[in-house]
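Here are a few exercises to help you find your way around a new structure. Try each one with the model in view before reading its solution.

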2 protein chains.
Amino acid sequence: MGIKKTLLEDIAKELNVSKTLVSMVINGKGDAYGISKKTQEKVLAKAGEMEYTPNVFARALRTGKSHLIALLVADISNPFYSNIAKHVEKELATKGYNLMICSTDENVEREEKLISLFAEQHMIDGLIIATTNTSGEYFKKERLRNFPIVFIDRYLPDIESNYVVANNYQGSYELTELLVKKGCKNILALNITPSHISSLTERVKGYKDALKKHDIAFKDENLVEISFDNIQNDVRTQLTKRLKQGKIDAIYTLNNHIATACLNVFNEMGFDAKKEGVLFASFDDISLFDFVKPSVISVSQPVENIGIEAANLALHLIDSKTNTTDVKKIVLPTSIISRN
Amino acid sequence: MGIKKTLLEDIAKELNVSKTLVSMVINGKGDAYGISKKTQEKVLAKAGEMEYTPNVFARALRTGKSHLIALLVADISNPFYSNIAKHVEKELATKGYNLMICSTDENVEREEKLISLFAEQHMIDGLIIATTNTSGEYFKKERLRNFPIVFIDRYLPDIESNYVVANNYQGSYELTELLVKKGCKNILALNITPSHISSLTERVKGYKDALKKHDIAFKDENLVEISFDNIQNDVRTQLTKRLKQGKIDAIYTLNNHIATACLNVFNEMGFDAKKEGVLFASFDDISLFDFVKPSVISVSQPVENIGIEAANLALHLIDSKTNTTDVKKIVLPTSIISRN
DNA sequence: ATTTAAATCTAAACTTATTTAGAATTTGTT
DNA sequence: AACAAATTCTAAATAAGTTTAGATTTAAAT
């Protein structure tokens, strides 16, 4: 296709030097290998003139480095992840690395297939992942030993790993505390299954601890699990049941999917939370929350920082090919957005 | 790193056959090359047992195919693009191709750099792109001749190209007509610069034609350009000016960024569109529009279909390495979402 | 038992770069 | 001038596959 690509050899022939020399100069190792300044200049000039760009596959095959990092997220259409993706990419670009983003669709098999394709066969130099997996078992396999992996958003408690996450516990604690201070005593928390994911267990813990701190007994019936595959229906069932009882004074959704589902159900039911004196809160902020009714009290995660830190941690791991012993655990603070 | 990867040669040695044979069998060409069934079974069994996965770089170097397709979008954090991305990826996965998504941040230089890196040196087999470029000049270069490129969302009128876009003209026409039928005679259209992008020029055309059809004279002052780099301020300036004059009976934002900016300004100003009798409409739907105040009349684009069609068109171009002569132009219908 | 044909397999070339080990040239020293 | 040392460069090996051209082996035909 198109015109023939310029090869190292083409430049070498033009200048009557070896392709070894051309390779050295182009990789900035001219001085290190004692190539004379004059020759270096000639090579660079000719390479520019002939529009040389190295064949990435040949280079990667020989060096074992692709300068590619993959980001696996559960769902790229979720603004939380797509925002992180944007910042990871931006940060990596400044360091000469490219990012490939893939979406696993909350599907463990697909996640493992992609890891196998990209990481195990070293198509990428490093992996940043919001894992859907239930355990760290898969990541223990020999092939992934010493492969640079950074977990984001969620980490797996059963393995030692490098991760960058928001302080889910703190965010949930503060949000719950705020609701309590606003007078709520019956906060219905809507969690999402599978709820084993670290970010969720910590949000639950923060919720419970905040209640305890303020001498409010936690009631089992106030922590309900919504099935990921049936969010809308589950939320409808729960809300119609609980709101009619009329004891609930706040609804706290543990992720943004459930929040939008609630808004949908409020709409359907013609439920006016403000009039009924029910506060509405959610973990994960969405910019449009500024305009929805009822107003949403939310926990905003530092998506930009998560992206930047994850990118740099990945690069750090790639550079220090050494020991696996020490891992970095980065926990970033969240902030409460209290509307109205 | 980790244990040594299994190579073709390792399998060949174990079975006392040539690596040529192993390669043929693993690539499903055993029958074509007349390898006996028994041998094929042995090879596949051993390959499974030794957990063989081919080195993608060696394969790509030799074959010139990477089974990778890149999707370049202006902004991955924009739900319009991230939704398309999700569907492109899903569709490609079923065909054995992987997708790398990159965000150009509406930056022409970055876009061209990425194309050069990925496409010109054939790191990818095909490219799907929502271009930020102002002209097709860049895409005419010899190196990109015959390279499979599919434009989405926006196409470049000055070059012949394969593209998949929504029917921006129709959507805008219908939306404007709906506003007119609801009694609006002074519809303020807020466009975004750079407005040369095909999707925008067609939306403008649809707006103007619908007015003409209903015998409403188009007024220059009712088509305002908002600068991409200063959306919030520009919108504020325009809205405060025009709303105080009190002649406007509808606001129509030509993309979702401007829509959210408007919502912000309404908020700041304490402007109640419903009370003031001003309708609010936008091109590009966002699911949360269901809950915002004022209610939004919007044009919804078929993101799923755009993704699927783009993926298949790219694959088609990759397969038919032949002539460039005939291009495919796919224009998909939009739908109006009229709330309240 | 040859020859011919068909079935099955393999050695070597090839893809494009990087790296190693060493060659050729120049400079410096006595 | 002769030898050592420093400078500058290159041939060949290497990465891990795919493909070409041709070699064996087995079966069929006379």
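**Exercise 1.** Find how many residues each chain brings to the contact, and which elements of chain B take part.

*Solution.* Start with the counts in this predicted model: chain A gives 47 residues and chain B gives 46. Next, look for the elements of chain B that each supply at least two residues to the side touching chain A. These are the helices H4 (56-63), H5 (79-93), H6 (108-120) and H10 (256-269), together with strand S2 (98-103). Finally, sort the residues on that side of chain B by character: 23 are nonpolar, 15 polar and eight charged.

**Exercise 2.** Work out what kind of axis relates chain B to chain A.

*Solution.* First, superpose chain B on chain A: this takes a rotation of 180 degrees, with 0.0 Å of shift along the axis, and gives an RMSD of 0.1 Å. That relation is the one a two-fold axis produces. Then compare the contact residues: 100% of those in chain B recur in chain A, so the same surface serves both copies.

**Exercise 3.** Place Asp234(A) in its chain and decide whether Asp234(A) is buried or exposed.

*Solution.* Begin with the element: Asp234(A) lies in helix H9 of chain A, residues 231-245. Now count its surroundings: 20 other C-beta atoms are within 10 Å, and a residue with 20 or more counts as buried, so Asp234(A) is buried. Setting aside neighbours within four places in sequence, Asp234(A) contacts Ile226(A) and Ser227(A). Ser23(A), by comparison, is 211 residues away in sequence and 61 Å away in space, C-alpha to C-alpha.

Note on methods: Residues numbered from 1 in each chain as written. Chains lettered and ligands numbered in written order. Predicted model: local features only at pLDDT ≥ 70, side-chain atom pairs only at ≥ 80, totals over all residues. Least-squares fit on C-alpha atoms with pLDDT ≥ 70 in both. Contact = placed C-beta atoms within 7 Å. Helix = DSSP H or I, 4+ residues; strand = E, 2+ residues; numbered from the N terminus. Buried ≥ 20, exposed ≤ 12 C-beta atoms within 10 Å, placed from the backbone. Nonpolar A, V, L, I, M, F, W, Y, C, P; charged D, E, K, R; others polar.
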